[in-house]
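Subject: Structure for you to look at

Hello,

Here is the structure I promised to pass on. Please open it first, then read my notes beside it.

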Amino acid sequence: MQNVDLNLLTSLDMLLTERSVTRAARRLGLSPSAMSRTLARLRVATGDQLLVQAGRTLVPTPYAERLGEHVHELARNARAVLQPIKNTLDLATLARTFTIRANDGFVDLAGPALMALIARAAPHVRIRFIPKSDKDAQPLREGMVDLEVGVIGTKAPELKTRLLFQDRFVGICRTGHPLLNKPGVTARRYASYPHVIAARKHQFTGPVDDALEQSGLRRTVVMVVPSYANAMQIVRHSDLIGLVPCSCLGIGSVSDAAMSAGLRHFELPVRTPPIKVSAIWHPRLHADPAHRWLRDTILAVCKGARLGN
């Protein structure tokens, strides 16, 4: 394609359609002299006269006759490719599968409401949730994942993000635990009991330990588990103290159902950073109408459920 000016394609289409330099120039917003120069360039590029004088009109050569319909289709397709995308979206007929990477807690909390909204608005859309075992950006870059939900932990500069909700950590223990026999949970009493934590990287320390250390205290973590659900189950049936995001205990606020199932929650006696849960996606999908609708729907679910505190 070296030295080929594709702008000539539109000019050739107009010349073959109008068979007049003056009329073709008028339709393209050019002067007749500019269009004459363009016709000369086309003759050089094709090696054919294309249009020749017949009295006061121009008639196509046999080669131009053969080109006519083909050139018109090429020009029409080129214009279609180079026009802005149409943002119309028919949810009723949209048939698409979205892959979302998220942890179990988000799936449990938002999954039912998300599917209910999608079933009503876009019945042919399917959602595939996959585990969030790390924060590698490559699946988003390669298109293996359409959307990720979680705390931003990647340094990939091109990724787009949108805050869905803000959460906080709370402590949990079984109903009847001696920690709650006295009003108020002090940092010293909190640190005096054994703990279980959920950690993706299987580490025995976290933000709570950093905060306790500033007060000269250290807790004893005796168990690390893969998920917050695991930690809640273990706390429910032991004297271990747990740590979970508030949203894990119910939608919108700490639920009576979680308490009646044998768990109690309490505010931590130390300050920890807020948990900012975001939607994360690759800019390749940023302007895609269907993907934008999915992002807006997930945000609506999080706001409607009042996730976080």
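Below is what I found, part by part.

Please keep in mind that this is a predicted model.

**Overall layout**

The chain is divided into three parts: domain 1 (6-82), domain 2 (96-167 + 276-306) and domain 3 (169-273). Domain 2 is written as two stretches of sequence. The centres of domain 1 and domain 3, taken over C-alpha atoms, are separated by 76 Å.

**The cores**

The largest nonpolar core has 42 residues. Tyr190 and Ile298 have the most contacts inside it. Helix H11 (residues 289-305) gives the most to this core, with seven residues. Where does this core lie with respect to domain 2 and domain 3? Both domains give residues to the core, so it lies between them.

There is also a second, separate core, of 17 residues. Met14, Leu15, Leu51 and Ala64 are among them.

Back to Ile298. Leaving aside neighbours within four places in sequence, Ile298 is in contact with Ile100, Phe106, Leu114, Leu147 and Leu164.

**Aromatic rings**

The structure holds one aromatic pair. Its partners are Tyr190 and Phe266, with ring centres 6.1 Å apart. The planes stand at 70°, so the pair is edge-to-face. Tyr190 lies in helix H7 and Phe266 in strand E11 (residues 263-266). The pair therefore ties together parts that are 76 residues apart in sequence. Are these two residues buried or exposed? Tyr190 is buried, and Phe266 is buried too.

One more ring is worth a look. Arg295 lies over the face of Trp281, at 4.3 Å from the ring centre.

**Helix H2**

Helix H2 covers residues 21-28. Its buried residues are Val21, Ala24 and Ala25. Around the axis they cover an arc of only 100°, which puts them on the same side of H2. Arg26 and Arg27 are exposed, on the face turned away from the buried side. What covers the buried residues of H2? The cover includes helix H1 (7-18), helix H3 (32-46) and strand E2 (57-60).

**Helix H8**

Helix H8 takes in residues 207-214. Here the buried residues are Val208, Asp209, Ala211 and Leu212. Seen down the helix axis, they fall within an arc of 160°, so they line one face of H8. On the other side, Glu213 and Gln214 are exposed. Helix H7 (187-191) and strand E10 (242-245) are included in what covers the buried residues of H8. Just after H8 comes Gly216, with a positive phi of about 75°.

A general point helps with both helices. An α-helix has 3.6 residues a turn, so residues three or four places apart point the same way.

**Two positive phi values outside glycine**

Most residues other than glycine have a negative phi. Two residues here have a positive one.

- Arg19 has a phi near 50°. Arg19 is found in the loop between H1 and H2. Its relative accessible area is 37%, which makes Arg19 partly exposed.
- Leu50 has a phi near 65°. Leu50 lies in the loop between H3 and strand E1 (51-54). At 1% relative accessibility, Leu50 counts as buried, since the cut-off is under 20%.

**Two more loop residues**

Lys132 lies in the loop between strand E4 (125-130) and H6. Is this lysine buried or exposed? Lys132 counts as buried, at 7% relative accessibility. Not counting residues up to four places away in sequence, Lys132 touches Arg101, Ala102, Asn103, Glu148, Val149, Gly150 and Arg200.

Gly143 sits in the loop between helix H6 (138-141) and strand E5 (147-151). With a relative accessible area of 36%, Gly143 is partly exposed. Gly143 and Ala261 are 118 residues apart along the chain. Their C-alpha atoms are separated by 41 Å.

**Where to start**

I would begin with Tyr190. Tyr190 is one of the two residues with the most contacts inside the largest nonpolar core. Tyr190 is also half of the aromatic pair with Phe266. Then turn to Ile298, the other residue with the most contacts there.

Best wishes

Note on methods. Residues are numbered from 1 along each chain as its sequence is written. This is a predicted model: local features need pLDDT of at least 70, side-chain atom pairs count only at pLDDT 80 or more; totals for chains, interfaces and linings use all residues. Side-chain values use heavy atoms; hydrogens and water are left out. Domain bounds come from an automatic or database domain assignment. Buried means under 20% relative accessible area, exposed over 50%, partly exposed in between (1.4 Å probe, protein chains only). Helices (H or I, at least four residues) and strands (E, at least two) are DSSP runs, numbered from the N terminus. The arc is that of the directions from the helix axis to the C-beta atoms. Contact means heavy atoms within 4.5 Å. Rings of Phe, Tyr and Trp (its six-membered ring) pair if their centres lie within 6.5 Å; planes under 30 degrees apart count as stacked, over 60 as edge-to-face and the rest as tilted. A charge sits over a ring if NZ of Lys or CZ of Arg is within 6 Å of the ring centre and within 35 degrees of the ring normal. A nonpolar core is a set of buried Ala, Val, Leu, Ile, Met, Phe, Trp, Tyr and Cys residues joined through side-chain atoms within 4.5 Å.
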